[in-house]
Amino acid sequence: MSSNETSSDKRRICPHCGSENLAEAEFCQKCGSSLEKRRICPHCGRLTPADGKFCIYCGTRLQASVDEKSKDGSAATPLRTPLIKQAGKPIASHSSFKVQKADPLLGIASFASSCLTLLVSLVFIFLIGVTPRVSRLETSDKGLSIYDFFFGTTYDAIKNGGDTALYGAVGPILGTIGVIVGLVAISLVIVFAIRAIILFWTKKKGGLTQYSVMAYLVYLSTAILFMLSTASGLSAGRTSLSYVLNGATIAGIVLGAVFMVAAIVFDGINNRGVELPRSYLVHGISAGVLCLLGVLVLSFDGFGLAAVSMDAEGVTTGISYGILTYSNLMYELANTLFSADTAIWREFLSNFVPSLVFMILTFVLSIAFIVSFILSMKGMLSRFGCDFSRHAFTFGIVAGISAFLLGIVKIVFPLCLASYFFPTFEVRLASPVMISVFGCLILAVTLAAKKMTKGIVRLPTKTREKESEERAISK
């Protein structure tokens with residue numbers, strides 16, 4: 001017997017496709033499957049003995065063995081049982097799932113909408129700002145922009161404040177940190193988005209939807225952090241003076257929302273892995289509800305740090321403070337009381353310290369909610385209609401808890417300090433109460449979605465894509 005024949009006899013047969021491979025091969029040269037004694041079940045994704053006809057975990061019929069080849073020598077078509085059982089209930093096997101072929105036009109529409117969302121978020125984040133408005137009429141004052149937190153008017157008081165400058169530094173510093181966090185976050189998202197674009201064009205893999213959603217939410221969150229820092233207003237009767245988002249910021253929010261929703265819709269329709277209708281519905285509804293609740297939390301957070309009101313002689317006077325304006329209030333009081341009686345100065349310091357703690361807590365909890373909310377939405381949209389990422393629910397739970405605590409801090413803060421800073425005013429609690437309520441709803445929806453997805457059997461992503469290719473070839 002020749003050496004060639006001997007080596008041929010020792011060749012390894014792939015248990016997945018039936019191809020012959022060299023004796024020392026560890027992976028099949030034709031399909032890339034492992035040649036070890038175990039293989040991946042195409043239904044449940046778990047490792048099962050390669051020489052078995054059925055999966056030992058879910059009972060799915062595996063690919064036919066080499067002994068069961070068809071007459072023409074090719075591997076027999078893999079068969080699967082029509083039903084499997086999970087937790088005592090019959091569930092349709094994935095042979096009944098419809099693996100849709102991707103529509104090029106929908107793919108292009110989703111990709112284009114995602115690119116527009118990224119572009120709008122990147123450009124308009126540098127135009128974030130607020131303008132003063134008097135009784136619904138905008139004034140000629142240019143207001144504040146994100147540049148003022150770097151080298152603008154927000155630090156003027158600190159530069160000229162002398163010994164009491166410390167008490168006006170909290171607001172500008174926190175505002176600067178918020179702007180820096182937003183700019184760094186949008187830069188990171190753009191870097192990952194560019195990587196996804198390269199993969200999309202070179203290997204026709206991956207998607208851009210999740211990164212466009214992240215970019216838009218980063219832009220929106222940066223605008224809200226800016227409002228949290230600067231938001232202030234005064235109303236008396238029919239007259240009001242307040243800071244509102246400028247026209248460029250509002251335009252960016254609207255345009256970005258339109259393009260983001262279009263990208264999600266196109267991507268959802270074009271999804272190739274629609275397995276169970278229940279999976280698709282649970283995925284879409286839970287992601288949509290959580291996104292809406294998160295945006296509502298951001299909206300109420302943008303009303304500022306605290307609000308108070310007073311009724312006198314039939315006229316209601318209301319005052320709202322952002323972190324920057326409240327910091328300026330403490331700076332003005334420090335300038336007034338610095339040379340006053342020692343007891344009065346000590347009383348001011350005893351209220352300044354808890355004010356500092358509450359302001360920092362509000363800012364930190366806002367950042368914690370924003371980060372966890374964005375990461376949760378990324379995890380839910382990474383494989384839309386098919387599966388949630390591993391940490392999507394964890395980030396959703398953290399987002400709900402952060403929002404709830406943020407509302408509690410905003411409730412306790414003015415109640416504790418109103419007697420000193422606002423002795424004749426009543427505290428307005430509508431905004432922080434709504435933040436806590438929406439935080440509880442986010443937590444409840446996340447836990448409900450996690451529970452509902454436990455019984456859903458999903459085909460692994462790689463297996464689903466491979467089956468789609470096999471069906472296209474067979475047609």
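A residue counts as buried when its relative accessible area is under 20%. In this predicted model, Ser436 has a relative accessibility of 7%, so Ser436 is buried.

Ser436 is part of helix H12, which covers residues 430-452. Leaving out residues up to four places away in sequence, Ser436 touches Ala403, Phe404, Gly407 and Ile408.

The chain as a whole has 13 helices and 14 strands. Of its 475 residues, 45% are buried. Among contacts with a separation of 6 or more, 69% join residues that are 24 or more positions apart.

Two packed helices are described by the angle between their axes and the distance between the axes. One such pair here is H10 and H11, with H10 made up of residues 342-381 and H11 of residues 392-421. The table gives the values for this pair.

| Feature of the H10 and H11 pair | Value |
|---|---|
| Angle between H10 and H11 | about 160° |
| Distance between the axes of H10 and H11 | 8 Å |

Angles over 145 degrees count as roughly antiparallel, and the angle of this pair therefore makes H10 roughly antiparallel to H11. The contact of H10 with H11 contains 24 nonpolar, 9 polar and 2 charged residues. The crossing of the two helices, H10 and H11, is left-handed.

In soluble globular proteins, nonpolar side chains tend to be buried together. The largest nonpolar core in this model has 88 residues. Those with the most contacts inside this core include Phe348, Met359 and Phe369. Apart from neighbours within four places in sequence, Phe369 is in contact with Gly294, Val297, Leu298, Ala399, Ser402, Ala403 and Ile442.

Key. Residues numbered from 1 in each chain as written. Predicted model: local features only at pLDDT ≥ 70, side-chain atom pairs only at ≥ 80, totals over all residues. Heavy atoms only, no water. Axes fitted to C-alpha atoms, helices over the stretch in contact; angles between N-to-C directions. Helix = DSSP H or I, 4+ residues; strand = E, 2+ residues; numbered from the N terminus. Parallel < 35°, antiparallel > 145°, perpendicular 65-115°, else oblique. Left-handed = near helix turned anticlockwise from the far one by under 90°. Nonpolar A, V, L, I, M, F, W, Y, C, P; charged D, E, K, R; others polar. Core = buried A, V, L, I, M, F, W, Y, C linked by side-chain atoms within 4.5 Å. Buried < 20%, exposed > 50% of the residue type's maximum accessible area, 1.4 Å probe, protein only. Contact = heavy atoms within 4.5 Å.
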